[in-house]
Amino acid sequence: RDVVTLATSAEWILYLCDDHRLHPDFSKDLAQFITEHPIGQRDVIVPARFCERGGEPIGLNMGWPGYLGRAYCGGHAGIFPRAAIREIPWSLAPWHANWDYFHSRILMERGYTFHYMGGSVLIEDVEPNSEPWL
């Protein structure tokens, strides 16, 4: 993620894993959110993540506020200001299976605010033939 960040120049960066896709209304919903809420350089936008099983959407944990006391933004689906990644590169997080949780903790300790999208600004986890991680 740090290398890709260096290869781009946008003020805001959307990280998205290869087994995720943006909901068709993602851009419209994100633009509406940004229009209605003042977003600054110390804000991280956390899209709502879901998968479908049997035609029904199932919400997936994206570090919802207070979720077991472990709020975070997954590095696999989040919108970060470039300034945040410059200040706290992904490689600064401990080498651990939950590295994005630890990266989020560092951001929060440095005063970044996470905005959880709930039912808007959606990302779908489309990994085939797997049970959702809830």
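**Exercise 1. Contacts of H103**

Task: In this predicted model, determine which residues H103 touches, leaving aside those up to four places away in sequence, and state whether H103 is buried or exposed.

Solution. Step 1: locate the residue. H103 belongs to helix α4, which spans residues 99-109. Step 2: list the contacts. Beyond its sequence neighbours up to four places away, H103 touches I85, I88, P89, W90 and A93. Step 3: assess the accessibility. The relative accessible area of H103 is 1%. Because buried means under 20%, H103 is classed as buried.

**Exercise 2. Strand β6 and its partner**

Task: Establish how many residues of β6 are buried, and which residue of β6 is the bridge partner of Y15.

Solution. Step 1: strand β6 covers residues 77-81, and 5 of its 5 residues are buried. Step 2: separate the two directions. A77, I79 and P81 point one way, while G78 and F80 point the other way, and all are buried. Step 3: identify the pairing. Strand β1 (residues 12-16) is joined to β6 by 5 bridges, and the two run antiparallel. Within this pair, Y15 has G78 as its bridge partner.

**Exercise 3. The open sheet**

Task: Give the order of the strands in the open sheet of 4 strands, and name its edge strands.

Solution. Step 1: the order is β2-β8-β4-β5, with mixed pairing. Step 2: the edge strands are β2 and β5 (56-60), each of which pairs on one side only. Step 3: from one strand to the next, the twist averages 35°. Step 4: examine one pair. Strand β4 (residues 48-53) and β5 run antiparallel and are joined by 5 bridges; in β5, P57 is the bridge partner of E52.

**Exercise 4. Salt bridges**

Task: State how many salt bridges the whole structure holds, and explain what the pair R21 and E124 ties together.

Solution. Step 1: a search of the whole structure gives 5 salt bridges. Step 2: in one of them, the side chains of R21 and E124 meet at 3.0 Å, N to O. Since R21 lies in strand β2 and E124 in strand β8, the pair ties together parts that are 103 residues apart in sequence. R21 is partly exposed at 46% relative accessibility, whereas E124 is buried at 12%.

Step 3: consider E87 and R42, whose side chains meet in a salt bridge of 3.2 Å, N to O. E87 lies in helix α3 (residues 82-87) and R42 in the loop between α2 (26-36) and β3 (43-46), so this pair ties together parts that are 45 residues apart in sequence. Both are partly exposed: E87 has a relative accessible area of 33%, and R42 one of 35%. Step 4: extend the picture to the network of salt bridges, which links R42, E87 and R110.

**Exercise 5. The backbone at V121**

Task: Find what is notable about the phi of V121, and decide whether this residue is buried or exposed.

Solution. Step 1: V121 lies in the loop between β7 (113-116) and β8. Step 2: its phi is near 50°, a positive value in a residue other than glycine. Step 3: recall the general expectation. Most residues other than glycine have a negative phi. Step 4: V121 has a relative accessible area of 0% and is therefore buried.

**Exercise 6. A nonpolar surface patch**

Task: Name the residues that form the nonpolar patch on the surface.

Solution. Step 1: the patch consists of L14, L16 and L22, with about 210 Å² of accessible area together. Step 2: place one member. L22 lies in strand β2 (residues 20-22), and its relative accessible area of 34% makes it partly exposed.

Terms used:
Residues are numbered from 1 along each chain as its sequence is written. This is a predicted model: local features need pLDDT of at least 70, side-chain atom pairs count only at pLDDT 80 or more; totals for chains, interfaces and linings use all residues. Side-chain values use heavy atoms; hydrogens and water are left out. Patches are made of residues with over 30% relative accessible area and no salt bridge: like charges are joined within 9 Å, nonpolar side chains (Val, Leu, Ile, Met, Phe, Trp, Tyr) within 5 Å. Accessible areas come from the Shrake-Rupley method with a 1.4 Å probe; for residues, only the protein chains shown count as cover. A salt bridge is a side-chain nitrogen of Lys or Arg within 4 Å of a carboxyl oxygen of Asp or Glu. Buried means under 20% relative accessible area, exposed over 50%, partly exposed in between (1.4 Å probe, protein chains only). Two strands pair if DSSP finds at least two bridges between them. Axes are lines fitted to C-alpha atoms, for helices over the stretch in contact, and angles run from 0 to 180 degrees between N-to-C directions. Contact means heavy atoms within 4.5 Å.
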